[in-house]
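Please open the model in your viewer and keep the sequence panel beside it. The tour below goes from one selection to the next and says what is there.

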Amino acid sequence: MRKALIVWGGWDGHEPEQVADIFAKVLQKEQFEVEVSNTLEAFADAEKLLELDLIVPVWTMGTIEQNLVNNVSAAVQNGTGLAGCHGGMCDSFRNNVDWQFMTGGQWVAHPGNDGVNYTVEICQSSSPLVEGLEDFTVCSEQYYLHVDPAVEVLATTRFPVVEGPHSFNKAVDMPVAWTKRWGHGRVYYNSLGHHADIVAMPQVKEMMRRGLLWAAEGKVRAQSQISAVSSSYSGMADSQ
């Protein structure tokens with residue numbers, strides 16, 4: 001049975017416990033063994049993280065010890081998937097650039113705050129992860145992010161919707177959902193999910209379900225790749 005770890009906490013305004021519960025139910029329905037923790041010490045056992053198929057952070061802001069970030073990073077580099085949403089993954093640990101590098105982006109603003117009506121535009125044909133999905137509207141925070149140019153963008157939203165200092169620039173399509181690689185591991189992020197009711201929207205929940213599974217499915221492939229590389233090095237050594 002595949003194993004997932006969900007770690008929730010940080011700023012209560014994002015309803016991390018409720019969001020974690022939604023993700024746990026999605027994964028349990030997909031036959032995962034799910035552990036849910038409300039402490040960052042869940043990242044302290046490096047060997048345990050390496051055995052997981054998936055890590056789901058639901059932790060906004062806060063601080064984290066560097067060794068815990070190192071443990072998560074090592075696990076993902078070795079094939080453990082990493083997936084999350086909104087501030088629970090890309091507004092975590094603002095002082096830790098290693099976390100930001102791994103996750104692919106960092107929140108910097110949400111012009112208009114909560115209650116902005118905007119469209120999420122699916123990048124059709126960008127990935128099987130969005131196959132059959134259609135554009136939809138949402139009333140929530142519209143996240144403006146600083147984004148790693150290496151990510152593969154799955155959905156976007158147009159800025160500006162609400163006026164502000166950013167409005168004097170040309171219109172931009174800000175990534176809403178993306179994937180990236182971190183070592184042998186898969187990373188998925190979706191900026192939707194300010195509150196649990198947004199995560200529970202059918203469109204958002206389906207996007208997250210696909211992202212969680214995609215990230216976790218990378219573990220088996222990663223293990224094969226690592227084994228192939230090890231066998232190659234072993235063969236080279238034997239021939240010398």
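A residue is called buried here when its relative accessible area is under 20%. The model is a predicted one, and by that cut-off Trp99, at 0% relative accessibility, counts as buried.

**Aromatic pairs**

Keep Trp99 selected and add Phe93, which is likewise buried, at 2% relative accessibility. Aromatic rings are taken as a pair if their centres lie within 6.5 Å, and planes over 60 degrees apart count as edge-to-face; by this rule the count comes to five aromatic pairs. In one of them, the ring centres of Phe93 and Trp99 are 5.0 Å apart and the planes meet at 85°, so this pair is edge-to-face.

Next select Phe101 together with Trp182, whose ring centres are 4.9 Å apart with planes at 75°, so that this pair too is edge-to-face. Colouring by secondary structure helps here, since the pair links distant parts of the chain: Phe101 belongs to helix 5 (residues 97–103) and Trp182 to strand 10 (residues 172–182), with their positions 81 residues apart. Trp182 has a relative accessibility of 15% and therefore counts as buried.

**Helix 3 and what covers it**

Now select helix 3, residues 66–77. Its 12 residues, at 1.5 Å a residue, should span 16 Å, and the C-alpha atoms at its ends are indeed 16 Å apart, so the expected and modelled spans agree. Which residues of helix 3 are buried? They are Leu68, Val69, Asn71, Val72, Ser73, Ala75 and Val76. Showing the surroundings of these side chains brings up the elements that cover the buried residues of helix 3, among them helix 2 (46–51), strand 3 (54–60) and strand 4 (81–85), and also helix 5, strand 10 and strand 11 (185–190). Just after helix 3, stop at Gly79, where phi is positive, at about 120°.

**Backbone features in the loops**

For the next selections, it is useful to recall that most residues other than glycine have a negative phi, and that most peptide bonds are trans. Go to Glu15, in the loop between strand 1 (2–10) and helix 1 (16–29); although Glu15 is not a glycine, its phi is positive, near 50°. With a relative accessible area of 25%, Glu15 is partly exposed.

Then select Gln31, which lies in the loop between helix 1 and strand 2 (32–37) and has a positive phi near 70°, again in a residue other than glycine. Is Gln31 buried or exposed? At 53% relative accessibility, Gln31 counts as exposed.

Move on to Phe159 and Pro160, which are joined by a cis peptide bond with omega at about 0°. Pro160 sits in the loop between strand 9 (152–159) and strand 10.

**Cysteines**

Finally, display the cysteine sulfur atoms. How many disulfides does the structure hold? There are zero. Cys90 takes part in no disulfide, and the nearest cysteine sulfur, belonging to Cys85, is 10.0 Å away; Cys90 itself is buried, with a relative accessible area of 1%. Select Cys123 last: its closest cysteine sulfur is that of Cys90, at 16 Å, which is too far for a bond. Cys123 is partly exposed, with a relative accessible area of 23%.

Terms used:
Residues are numbered from 1 along each chain as its sequence is written. This is a predicted model: local features need pLDDT of at least 70, side-chain atom pairs count only at pLDDT 80 or more; totals for chains, interfaces and linings use all residues. Side-chain values use heavy atoms; hydrogens and water are left out. Rings of Phe, Tyr and Trp (its six-membered ring) pair if their centres lie within 6.5 Å; planes under 30 degrees apart count as stacked, over 60 as edge-to-face and the rest as tilted. Buried means under 20% relative accessible area, exposed over 50%, partly exposed in between (1.4 Å probe, protein chains only). Helices (H or I, at least four residues) and strands (E, at least two) are DSSP runs, numbered from the N terminus. The expected span of a helix is 1.5 Å times one less than its number of residues. Contact means heavy atoms within 4.5 Å. A disulfide is a pair of cysteine sulfur atoms within 2.5 Å.
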